[in-house]
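This report concerns a predicted model. It addresses the arrangement of the strands and the aromatic contacts.

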Amino acid sequence: MTDPANPPTVLFVDDDTDIQSAARLLLTRRGFRVLPAHDAAEALTRVAADPIDLVLLDLNYAPGATTGAEGLALLRDLHALRPALPVIVVTGHSGVAIAVAAMREGATDFVMKPWHNERLVTLLHDTLDRLRREVAVATGSEPEFPVAAPEPPVQPLAEPARPGGNGASRPAA
């Protein structure tokens with residue numbers, strides 16, 4: 001799904017170095033380039049300087065913080081800098097209510113910590129594929145690399161078996 005010569009770049013903003021390491025190991029093995037940022041200032045510097053394709057954003061950076069205020073402010077700043085940048089919120093302590101608030105602020109989606117590896121990777125691929133399709137439609141060009149082909153139409157089932165019959169259709173008389 002990713003081009004090994006040009007992997008998508010994910011900026012992961014989280015103050016926890018263990019979480020950063022786990023994400024980096026998972027995502028690099030799945031074909032992503034991962035850049036770390038441990039706070040809002042570092043994240044904004046990275047987005048301004050590097051070609052970031054997607055941001056994974058923790059909402060709390062100060063020890064003991066659970067309101068998500070820091071992450072929500074950073075989300076607004078990221079979108080002020082790059083309005084179309086997909087941002088997926090990663091939260092554990094704040095809970096679903098804060099994740100919903102982040103969605104209202106423009107987050108693309110959210111993942112709860114601890115995340116399920118396959119769901120996280122699928123979410124990143126789906127988000128990037130959707131972005132490529134939107135860019136292709138807006139510019140009238142082909143996506144950078146193939147996105148999932150539409151599923152073929154569902155074929156109708158054969159006529160259901162009738163009670164007491166053998167299930168074979170009979171021509172109308």
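Strand β1, which spans residues 9-13, pairs with β2 in the parallel sense, and five bridges join the two. Within this pairing, Val10 lies opposite Val34 of β2. Helix α2 (residues 40-49) packs on the sheet and touches both β1 and β2. The direction of α2 makes about 140° with that of β2.

The sheet to which these strands belong is open and consists of five strands in the order β2-β1-β3-β4-β5, with parallel pairing. The edge positions are taken by β2 (33-37) and β5 (109-112); each has a single partner strand, so one side of each is left without a neighbour in the sheet. On average, neighbouring strands of this sheet are turned by 20° against each other, direction ignored.

Strand β1 also contributes to an aromatic contact. The structure holds one aromatic pair, formed by Phe12 and Trp115 in an edge-to-face arrangement. A pair of aromatic rings is described by the distance of the centres and the angle of the planes. For Phe12 and Trp115 the centres lie 6.1 Å apart, with 75° between the planes. The pair links distant parts of the chain, since its members are 103 residues apart. Their locations and burial are set out below.

| Residue | Location | Burial |
|---|---|---|
| Phe12 | strand β1 | buried |
| Trp115 | loop between β5 and α5 (117-139) | buried |

The aromatic pair thus involves β1, in which Phe12 lies, and β1 is also the partner of the edge strand β2.

How values were computed: Residues numbered from 1 in each chain as written. Predicted model: local features only at pLDDT ≥ 70, side-chain atom pairs only at ≥ 80, totals over all residues. Heavy atoms only, no water. Pairing = 2+ DSSP bridges. Helix = DSSP H or I, 4+ residues; strand = E, 2+ residues; numbered from the N terminus. Axes fitted to C-alpha atoms, helices over the stretch in contact; angles between N-to-C directions. Contact = heavy atoms within 4.5 Å. Phe/Tyr/Trp six-rings, centres within 6.5 Å; stacked < 30°, edge-to-face > 60°. Buried < 20%, exposed > 50% of the residue type's maximum accessible area, 1.4 Å probe, protein only.
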